[in-house]
Amino acid sequence: MSHDDRKTPPDALRPWWKDAVVYQIYPRSFMDSNGDGVGDIPGITARLDYLKDLGVDVVWLSPHFDSPNADNGYDVRDYRKVMAQFGTMADFDTMLAGMKQRGMRLIIDLVVNHTSDEHAWFVESRKSRDNPFRDYYIWRDGREGGPPNNYSAFFGGPAWTLDAATGQYYLHYFAAKQPDLNWENPEVRAEVYDLMRFWLDKGVSGFRMDVIPFIAKQPGLPDLTPAQRRAPQFVYASGPRLHDHLREMRREVLAHYDTLTVGEAFGVTPDAARDLIDSRRGELDLVINFDIVRMDIDGWRKTSWTLPQLKALYSQLDTAAGPYGWNTQFLSNHDNPRSVSHFGDDDPAWVERSAKVLNTLILTQRGTPFLYQGEELGMTNYPFQALDDFDDLEVAGRWRDLAGRVPEAEYLANVRAMGRDNARTPMQWTAGPQGGFTTGAPWLAVNPNAATINAEDQAARPDSVLNHCRALIAWRRGSADLRDGTYEDLDPDHEQVFAYRRGAGLVVVLNFGRETVRYALPAALGVEGVAFGAAEVEGQMVTLAGWTSVILAVRAA
Ligand code: TEU
C-alpha cells in the first residue's frame with residue numbers, strides 16, 4: 001500500500017491541539033479585579049465567558065509565578081507560588097475550574113532556561129564555590145580581567161556578571177537578574193520535571209516553554225565569531241544536548257499526561273525546527289517560530305518587508321514542518337508589536353478592515369492558530385513619545401549599549417515600531433476610564449484609542465473585528481479543509497494579493513492594501529461561490545475592496 005505523506009493521521013489519532021484555537025493572556029495587562037492597576041487571576045476568571053464566546057479552546061497564560069518582576073514574571077522566584085499581585089493559589093484553582101467547566105484548557109509558561117536571581121537555588125548557589133547548589137547555575141572564572149567569553153545578553157551588556165562574594169562570573173542570556181540554569185546537572189533536570197508534575201497534577205494541559213532551545217549550552221562555551229555576535233540566538237539555540245534533554249523530559253513527565261507543549265524557538269531556523277516537532281521523535285508538539293514576526297528586524301533596527309517575502313516564509317514553514325510536524329500560526333505576542341500596526345494598516349480609517357484580514361490569515365493558514373489578547377479587537381501599537389514612556393527593561397538595556405553611537409531619535413523610532421510594550425498596554429474592554437481595565441492607575445498606560453477600539457463596542461457591532469473572529473473560528477470548526485487541508489500559495493509574486501488553496505475545496509484571497517483589486521483565479525479552479533465573507537465573484541474574477549478578504553469554495557476543473 002502506498003503511503004501518502006501529506007495525509008495527517010485519521011481523526012481518532014489526531015491530537016486535540018491540532019484543531020484548537022489558542023489565546024494568549026499576558027496576565028499583567030488583561031483585567032484588574034482589585035484596582036491596584038495590575039491585571040490579576042480573578043480578572044481572568046471574570047472574563048472566561050468572553051473567551052468562551054470568542055471560541056477559544058486553549059488559554060496560554062504568560063508567567064503567573066512568584067517573581068520580583070525584573071522581566072514581568074519571566075524571572076521566577078518560586079515556581080510553586082502564584083505572584084501575589086495576581087492573587088492566590090485558590091484564585092488559580094478557581095480560574096482553572098472555570099476554564100474546565102467551559103470546556104477550555106490551560107497551558108502555562110514554563111520558564112526554565114533561567115530563574116530569578118532571587119530564587120532560593122541561586123541565593124544558595126552564589127554563597128560559596130562549594131555550596132550544594134553551586135552547580136545549579138553556570139559559574140566560570142574570568143579571563144584576563146574580564147568575562148569568561150564574549151557572549152552578549154539580549155537585554156544589553158555581556159552575558160556574564162561577576163559575583164564579588166566568590167570572585168566568579170555567572171552566565172545569563174537575558175538580564176543579570178535572570179541567571180541561566182545548568183541543564184547538565186541531573187538534579188536541575190529532576191527539579192524541573194518535578195515542578196512540571198506539580199502543575200500537571202493540578203490539571204493544566206501543558207506548557208509554552210520559554211526559550212527552550214537555549215537550555216543546552218555549547219560545550220566549552222567558545223567565543224562567538226563576529227558574524228555570530230550579530231545574532232547570538234542561533235548559537236545559543238543549537239547546543240548539542242537539546243534533543244536529549246527534551247526526550248528525557250518527554251519520558252519522565254509528558255508521556256504520563258495528555259499535554260500540549262509549544263516551545264518558543266527563538267534562534268531556530270524552520271529546517272532545524274523540523275526535528276523538534278517531528279512526532280516520531282518525542283520532543284515538542286509545536287514551536288513558535290520567529291521568521292515571520294522578525295522578518296523586518298535586524299538587531300534592534302526595523303527594516304522593511306514585502307508581501308512576496310511574507311508569502312515565501314509561509315511556504316517555507318509549511319514545507320519545513322513536513323508530514324510529521326505541525327505549525328503554529330501567529331502574528332504577534334507579548335514580545336512583538338501589534339499585528340495590525342506591523343503587517344496591517346493602523347490608520348483609523350483602515351484599522352478594522354486590516355485587522356480582519358490579518359485575523360483571517362491566522363485562522364486560515366495550515367496549523368494551530370494563536371491569537372494574542374486584543375488582537376481579536378484590532379488593538380494597535382501605542383503612541384510612545386519618549387524612551388521614558390517604556391517600562392520594558394529591554395528598551396533601557398539596549399540603549400545603554402547604543403547611547404553615544406546612535407542618535408536617540410533613531411533608537412526611539414525603532415522601539416516605537418518594534419518595542420515589546422506595544423503589545424503590553426492594557427486590554428481595552430470599554431470606552432470608559434482606563435479602557436475598563438482597572439479602576440486604579442494602570443501599571444502601563446492604556447492606549448488613548450480605547451475610546452474607539454474596545455470589546456464592549458465591538459461585541460455590539462455585527463461587523464466588528466471581534467465578531468468577524470468569532471464567526472470565523474466557529475466556521476473553521478466545521479471545515480476539514482481549513483483545519484487539515486494542504487496548503488498551496490497560488491500566486492507567490494503578487495504584491496498586494498495573498499491567495500492560497502486549502503485542501504481540495506477552498507481558496508482564501510486576502511487584499512493587503514487600500515486599493516480595490518480585481519483578481520483572476522487560475523483557470524484550472526472552478527469557483528463555486530463564496531464560502532465565508534463577502535466579495536463580488538464573476539467566473540474566475542474576484543473583486544476585493546481595500547483590506548478585505550474572502551474564502552471561496554472551489555473544485556478542480
Ligand atoms: O523571549 C525570548 C526572546 O529572546 C525575545 O523574544 C526577547 O523578547 C527579546 O526581544 C530578544 O531580543 C522570551 C519571553 O517571551 C520574553 O518575554 C522574555 O523576556 C525572555 O524570553 C526571557 O525570559
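**Sheet pairing and helix 5**

Mentor: In this predicted model, strand 2 (residues 58-61) and strand 5 (residues 105-110) run parallel and are joined by 4 bridges. Numbering starts from 1 along each chain as its sequence is written; local features need pLDDT of at least 70, side-chain atom pairs count only at pLDDT 80 or more, totals for chains, interfaces and linings use all residues, and side-chain values use heavy atoms, with hydrogens and water left out.

Trainee: What makes strand 2 and strand 5 a pair?

Mentor: A pair needs at least two bridges found by DSSP, and here there are 4. One of the partnerships is Val58 with Arg105 in strand 5. Strands themselves are DSSP runs of E, at least two residues, while helices are runs of H or I, at least four, both numbered from the N terminus.

Trainee: Why is helix 5 called a helix, and how does its span look?

Mentor: Helix 5 (residues 186-202) has 17 residues, against a minimum of four. First C-alpha to last is 25 Å, close to the 24 Å expected, that is, 1.5 Å times one less than the number of residues.

Trainee: Which residues of helix 5 are called buried?

Mentor: Buried means under 20% relative accessible area, exposed over 50%, partly exposed in between (1.4 Å probe, protein chains only). Among the buried ones are Val188, Val192, Leu195 and Trp199.

Trainee: Why do you put the buried residues on the same side of helix 5?

Mentor: They cover an arc of only 165° around the axis, so they share a side; the arc uses directions from the helix axis to the C-beta atoms. Pro186 and Asp201 are exposed on the face turned away.
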